[in-house]
Amino acid sequence: MDSITYKKQLLEQLYAPYKQCVHCPLGKLGRTHVVFGEGNPNASLMFIGEAPGQEEDMQARPFVGRSGKLLTRALEAFGISREQVFITNIVKCRPPNNRKPLPGESKTCKNLLLLKQIKIVKPRVICTLGAAALEGLLEKEVKISQTRGKAIVFDSITLVPTYHPAYILRNPKELKTLIKDIELALSLTQ
Ligand code: SF4
């Protein structure tokens, strides 16, 4: 069995027991699907966002709404399709009214699923999208305007924080910043 098939199986085995997860409050606050994440199980680059939104909750797929389309276009600018990377979120269930996940929710879901996804995929680089994703991963408050675009190390993996695509939709002038940060993340996968 090749490593992609093996990792795909491991990811499916990880997801299976949690398709109706209620391990944190977000499991009981109206979510439709647990949005596990998708992409190349052997990806060298993993994107981690904050949480599923309405479209993602309906389709059970991460980053498929307007933000996701922007992220896909940004990747395509480098000749990369979203199938070549792995895309997921800190929490896998949509928070009510798209509120920011609470620290306890992020911590529970991260330990239950995200850290195990990272261990299976073993990306060379993680790119967090937005402050909440970085805060959820590091479990501390950050100023994304100061931390973005600078590579740090998380659990022996290079981590490049950048803005959330939803922020870019509200502030199109920052698109070049997002592109620059993704370029850095991609260069560090080599
Ligand atoms: S957000 Fe994560 S921990 Fe909370 S219910 Fe959903 S899958 Fe479970």
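**Ligand shell and sheet**

User: What classes of residue make up the shell around the ligand?
Analyst: The shell has ten nonpolar, three polar and two charged residues. Keep in mind that this is a predicted model.

User: Which of the 15 residues around the ligand come nearest?
Analyst: Cys 21, Cys 24, Gly 27, Cys 93 and Cys 109.

User: Switching to the sheet. What's the strand order?
Analyst: The order is 1-3-2-4-6-5, in an open sheet of six strands with mixed pairing.

User: Why is one side of strand 1 and of strand 5 left without a neighbour?
Analyst: Strand 1 (38–39) and strand 5 (152–154) stand at the edges, so each has a single partner strand.

User: And which helices pack on the sheet?
Analyst: Helix 5 (residues 131–138) touches strand 2, strand 4 (125–129), strand 5 and strand 6 (157–162). Its direction makes about 125° with that of strand 4. Helix 8 (residues 175–188) packs on the sheet too, touching strand 2, strand 4 and strand 6. The direction of helix 8 makes about 175° with that of strand 6.

User: Do strand 4 and strand 6 run parallel or antiparallel?
Analyst: Parallel, joined by five bridges. Thr 128 has Pro 161 in strand 6 as its bridge partner.

User: How many bridges join strand 5 to strand 6?
Analyst: Three, and these strands run antiparallel. Ile 152 stands opposite Leu 159 in strand 6.

User: Which residue takes a positive phi in that hairpin?
Analyst: Asp 155, near 50°. The hairpin has two residues between the strands.

User: How do strand 2 and strand 3 pair, in which sense?
Analyst: Strand 2 (residues 45–49) pairs with strand 3 (residues 86–89) in the parallel sense, over four bridges. Phe 47 sits opposite Ile 87 in strand 3.

Conventions. Residues are numbered from 1 along each chain as its sequence is written. This is a predicted model: local features need pLDDT of at least 70, side-chain atom pairs count only at pLDDT 80 or more; totals for chains, interfaces and linings use all residues. A residue is near a molecule or strand if its C-beta atom, placed from the backbone, lies within 6 Å of it. Ala, Val, Leu, Ile, Met, Phe, Trp, Tyr, Cys and Pro count as nonpolar, Asp, Glu, Lys and Arg as charged, and the others, Gly among them, as polar. Two strands pair if DSSP finds at least two bridges between them. Two residues are in contact if their C-beta atoms, placed from the backbone, lie within 7 Å. Axes are lines fitted to C-alpha atoms, for helices over the stretch in contact, and angles run from 0 to 180 degrees between N-to-C directions.
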